Amino acid sequence: MSNTNIPAVPLTLEGAAVLHQLFRIEWSKWNALEAGKKQSILDEAKQFFVRLEGANSGLFSILGHKGDLMLVHFRSGFPEISEVELAVSKLELNQYLVQTTSYVSVVELGLYESTQKIYGALMEKGVIPNTPEWATGVQEMLAHQRTAMAPRLFPDVPARKYICFYPMDRRRGEQNNWYMESLPDRARLMHEHGMVGRRYADVVKQIISGSIGFDDWEWGVTLFADDPLVFKKLIYEMRFDEVSAVYAEFGVFYFGMRHSAAELEKLF
Ligand code: 76R
């Protein structure tokens, strides 16, 4: 069997279901409320956000006109995401918020290096791609990685002051089409990408979530750091890296700051 029959898609591990929600505060409505009413609405919201924090959601204020608040929820699955989405909708505070956008995705680890090793090992054993035997072999070889990677697959909202979130695609242009490149070429480019990223590993926590089939872009990139300049420097440096320079298309960027539920009043 020729190598061209090796599946082109890299193996991925999926973890937490993720929802990013962006809100604008309706200031004219909010400002028209009496102080006591504002307080009771905020008290209810604060209690609710404390529970959300315990369930692995983060509250952020957004800088600029794109939104005032962002909630980021990590949950074990989409039913849990749906529950929290509904609970947010039912909150009295929500009558004074407009959800301007949202993003649905699932934490994803792309296993470019392991993919080549696993596919190679199975080919050597004479297993034919895309047969049930192949699928079983892949799953067996992935099992221990899934366990080992559990903390990265189901991360806590990192306790860093700043957040940067944006969706992105890999380019599918006439000249440069990521999805037409060979797996070894993509693995090499992603390795180089990882090497750039690794130099920032101490100062930034990156969570890549896959959104093919769930939302309008292919990935969500959520970065957390205590120093906001790290976002600018990391993303700038990556633009010179081949995989970003040639194949990255970016959506809208959102930049904000973390707040504990106890600080909710400060935002109103
Ligand atoms: O997960 C890993 O650490 C393994 C290596 C790795 C993969 C597979 C990695 C490392 N990334 C991976 C996948 Mn990444 N990443 C981005 C962006 O702004 C840009 O130019 C791109 C936005 C940033 C800032 C970033 C940071 N990465 C991906 C994917 C999926 C693509 C696919 O599977 O084809 C995307 C879209 C993407 C984009 N990446 C790292 C970082 C950082 C900081 C690291 C190193 C993390 C560490 O070693 O701790």
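**Two loop asparagines, the fold and the ligand site**

With a relative accessibility of 17%, N56 counts as buried, because burial is assigned under 20% relative accessible area. The structure discussed here is a predicted model. N56 is placed in the loop between α2 (35-54) and β2 (57-62). Its backbone deserves attention, since the phi of N56 is near 80°, a positive value in a residue other than glycine. As a rule, most residues other than glycine have a negative phi.

A second asparagine also departs from that rule. The phi of N130 is near 65°, again positive in a residue that is not glycine. N130 belongs to the loop between α4 (112-124) and α5 (132-148). Is N130 buried or exposed? At 64% relative accessibility, N130 counts as exposed, because the class begins over 50%. The two loop residues thus share a positive phi, while N56 is buried and N130 is exposed.

The chain as a whole provides the setting for these loops. Its secondary structure amounts to 9 helices and 9 strands. The C-alpha trace extends over about 75 × 35 × 35 Å along its principal axes. Of the 268 residues in the chain, 45% are buried. Among contacts with a separation of 6 or more, 80% join residues that lie 24 or more positions apart.

Attention now turns to the ligand. The space that the ligand takes up is the largest pocket. Two or more residues of the shell around the ligand are contributed by each of β4 (97-110), β5 (162-170), α7 (183-198), β6 (205-210), β7 (219-225) and α8 (229-239). Which of these elements gives the largest share? That element is α7, from which 5 residues of the shell come.

In total, 23 residues surround the ligand, and the closest are Y112, R152, Y166, H193 and S244. By residue class, the shell divides into 13 nonpolar, 6 polar and 4 charged residues.

Three of the closest residues can be followed to the level of atoms. In Y112, a polar side-chain atom lies 2.4 Å from an oxygen atom of the ligand. For R152, the distance between a polar side-chain atom and a ligand oxygen atom is 2.7 Å. Y166 has an N or O atom in its side chain at 2.8 Å from an oxygen atom of the ligand. Each of these pairs counts as a polar contact, because the cut-off for N or O atoms is within 3.5 Å.

Notes. Residues numbered from 1 in each chain as written. Predicted model: local features only at pLDDT ≥ 70, side-chain atom pairs only at ≥ 80, totals over all residues. Heavy atoms only, no water. Near = heavy atom within 4 Å. Polar contact = N/O pair within 3.5 Å; in protein donor to acceptor, adjacent residues only side chain to side chain. 1 Å grid on protein atoms, 1.4 Å probe; cavity = no way out; pocket = protein on both sides within 12 Å on 5 of 7 lines; lining within 4 Å. Sits in = over half its atoms within 2 Å of the grid points. Helix = DSSP H or I, 4+ residues; strand = E, 2+ residues; numbered from the N terminus. Nonpolar A, V, L, I, M, F, W, Y, C, P; charged D, E, K, R; others polar. Buried < 20%, exposed > 50% of the residue type's maximum accessible area, 1.4 Å probe, protein only. Contact = heavy atoms within 4.5 Å.
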